Structures are given as structure tokens and as C-alpha cells.
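Student: Please take a close look at one helix of this model and at how it packs against its neighbours. I would like the geometry as well as the residues involved.

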Amino acid sequence: MDTVVSGIRSTGNLHLGNYFGALRNFLKMQTENNCFFFIADYHSLTTHPKPDDLHGNIKQVLAEYLACGIDPEIATVYIQSDVPEVTELYLLLNMNAYVGELQRTTSFKEKIRKQPENINAGLLTYPVLMAADIIIHKAHKVPVGKDQEQHLEMTRRFARRFNTMYGVDYFPEPDAYNFGKKLIKVPGLDGTGKMGKSEGNGVFLADTPQEIRKKVMRAVTDTGPQTPGEKPSEPVQNLFNIMKVVSDPATVKYFTEKHASCEIRYGDMKKQLAEDIIKVTDPIRERITEILSDKKYLAKVVSQGAEKARASASKTIREVREIIGYRSF
Ligand code: TRP
């Protein structure tokens, strides 16, 4: 069995993009692999969440994970900060990570541009912490979206570097993993780009049907096709792309043809799209609410996950310390 590791930062509710891009892959993997799925709450500290918000953020993402169908009896589901071994490996890996390569990371350069007032060292070493998350369980496969490709490449490099440095064949080099050929990219409702947590263009799994209808009806479109067979503009194509993910093929075909013949009424298309989104999200939303109200269940999942994750992580740390040269007195 291959070992799979993936995490999601606890920085906001999960949206349709997370669901179709990441979580559905997790679900497919959980039965055939030894899976570790965690909430990356240490990573979330780079944006300085308020102490009053931190716990709620973690709890929400955990409930959303579970509501989507991740089974804590099959996969190991845990909170990153419950596994302090990760931070030890992070420290050890930091000794072999070069400032130059970290500064050249795309995500770091983007952060410098976006939040010049808070360029903390945690942002610089973010890829090292992510590498520690992954190789602490000696993972083979990491289901992540395209935006994490470079981080994963760095993980491979850090794993290889450790092996070379100590002349061992200890850490496997993990591969990015995605089901199917195409990476699913769910666009936002604002006309351009992908759905994001903080872009204000997303449909969240926890949104009520009324909220979803309102958001979809407000989605950006255009003034309508002028000539038959015309290619849809980007905002309209985005709506079609979401439709391809949530609706059945006959619905997509119907509206595609209406667009091609210039008969499309975007209002009708949006109404249909909203209902098809609700079909996906509503059962999940109900489960989120249910799970959030079951404190005992959540506590059990968390402690069981922490125990399993720590068993795996502490074994690695023991071996790594040995390889590095620590000896008992
Ligand atoms: N960096 C990832 C993201 O922003 C989250 C993450 C942290 C992660 N550690 C990980 C993903 C380990 C996969 C494996 O989406």
C-alpha cells in the first residue's frame, strides 16, 4: 500500500473548488492507500489569526472534511499541531534548506507582493514545513492542486538532499497525485480566475441554498452572444465550466446549444446552475451542521487521529535522529 499525505490550511470555509479539486480525490484514495489527511493549522499562523478565531477555524475545516466523506476509521485524520514531531523534522530540514532557494519560491514572491507588511520567516520556510508534513510519514503520493506543484518539487528536493547528505535511502521522493488526466479547476463567479477562499467569488460547502441562489444569480456574464456559433466570453465560459462539474451532460448540452444559437437566457442558465450546485452541497451542509454539534464525536476523531499520526511521526523522528548521529548516553 502506498502512503498518501495531504493537508488543507484552516483559513476559511471549504468551497466547491476545494471539493472537486482536492477532497473528491482524497475520497477516492482513502480505501486503497494508507492515507493521512490533516488540517494545516501551523501553516495558517503565517496570516496571524486571532486567538479567538483559531480553534473555530480548525473545527470548521475538520467538520467539513468529515462531512465530505473522509472516514476517520479508514484514513488518519488529524490536526497538524497535535503532532509536534512535525516541528522537529521542520527544524532539522531547515538546516539543509537554502535561503536562496526559499526566496525564489513563487508563493513566497507572491506573498511579498501581496502582504509587504508581514513577510515573516514562517512564509519563507513554508515549503520546509510542508515537506516535513509529507515526509514525516514517508509518503509516496500527495494529492494536491496545480498551485502546489512547486512546493512538492521542493519536498522531493529536500528528501533527496537528506538521503544524499547522510548516504541513506531513507525518504521516498513523493509524487504529486491526481485522479484522471485533467486537473479540475473550478472558476469563480466573478468572471475571471479560479475560485478562492478569500476572493469573494466562491460558493462554500456550508452556504445555504438561499445564499447559493443569490451568489449564482449575481455571477458576472455578458450582454449575450451576437452571432451564431460564437465562442462564449470568459465569464460565461466559467459558468459553463462550473456546470460541467455539477450538472449532468444533457443540461450542459442544452445550454451550450442555446448559446450557440443566440437564444440563451443567462437567468435560466443560472437558475439551473444554482439548483445543481445545491444538489451537491446541501447534503454536505446538513452533515457539517450535524457534525459540528456533536462535540463528543469530534473529540474522539481528533484524539484517535493524533494518536495514529504521532505513532507514525515519532518512528520517523527516532530514525532520523539516529541517521543524523544522535546517540543515547
Ligand atoms: N500548502 C498547502 C495549501 O496551501 C497546504 C499544505 C500544507 C499541504 N502542508 C501540506 C498540502 C502537505 C499537501 C501536503 O494548499
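Tutor: Helix H4 passes H8 in a right-handed crossing (the near helix is turned clockwise from the far one by less than a right angle; anticlockwise would be left-handed). The model is a predicted one, in which local features need pLDDT of at least 70 and side-chain atom pairs count only at pLDDT 80 or more, while totals for chains, interfaces and linings use all residues. Residues are numbered from 1 along each chain as its sequence is written, and side-chain values use heavy atoms, with hydrogens and water left out.

H4 spans residues 85-94 and H8 residues 126-135; helices here are DSSP runs of H or I with at least four residues, numbered from the N terminus. Their axes come within 8 Å and cross at roughly 125 degrees, the axes being lines fitted to C-alpha atoms over the stretch in contact and the angles running from 0 to 180 degrees between N-to-C directions. H4 is therefore oblique to H8 (under 35 degrees counts as roughly parallel, over 145 as roughly antiparallel, 65 to 115 as roughly perpendicular, and the rest as oblique).

On the H4 side, the contact (heavy atoms within 4.5 Å) is made by Val86, Leu89, Tyr90, Leu93 and Asn94. H8 contributes Val128, Leu129, Ala131, Ala132, Asp133 and Ile135. By class, this contact has nine nonpolar, one polar and one charged residues; Ala, Val, Leu, Ile, Met, Phe, Trp, Tyr, Cys and Pro count as nonpolar, Asp, Glu, Lys and Arg as charged, and the others, Gly among them, as polar.

Asp133 of H8, part of that contact, is also among the residues that come nearest the ligand, together with Gly7, Arg9, Tyr126 and Gln148, out of 13 around it (a heavy atom within 4 Å). An N or O atom in the Asp133 side chain is 2.7 Å from a nitrogen atom of the ligand, a polar contact (a pair of N or O atoms within 3.5 Å).

H4 also packs against H14, residues 295-324, with the axes within 9 Å and a crossing of roughly 30 degrees. The two helices are therefore roughly parallel to each other, and this crossing is left-handed. Glu85, Glu88, Leu89 and Leu92 of H4 meet Arg310, Ala313, Ser314, Ile317, Val320, Arg321 and Ile324 of H14. These residues divide into six nonpolar, one polar and four charged. Leu89 of H4 takes part in the contact with H8 and in the one with H14.

Terms used: A polar contact is a pair of N or O atoms within 3.5 Å; within protein, one must be able to donate a hydrogen and the other to accept it, and residues adjacent in sequence count only if both atoms are side-chain atoms.
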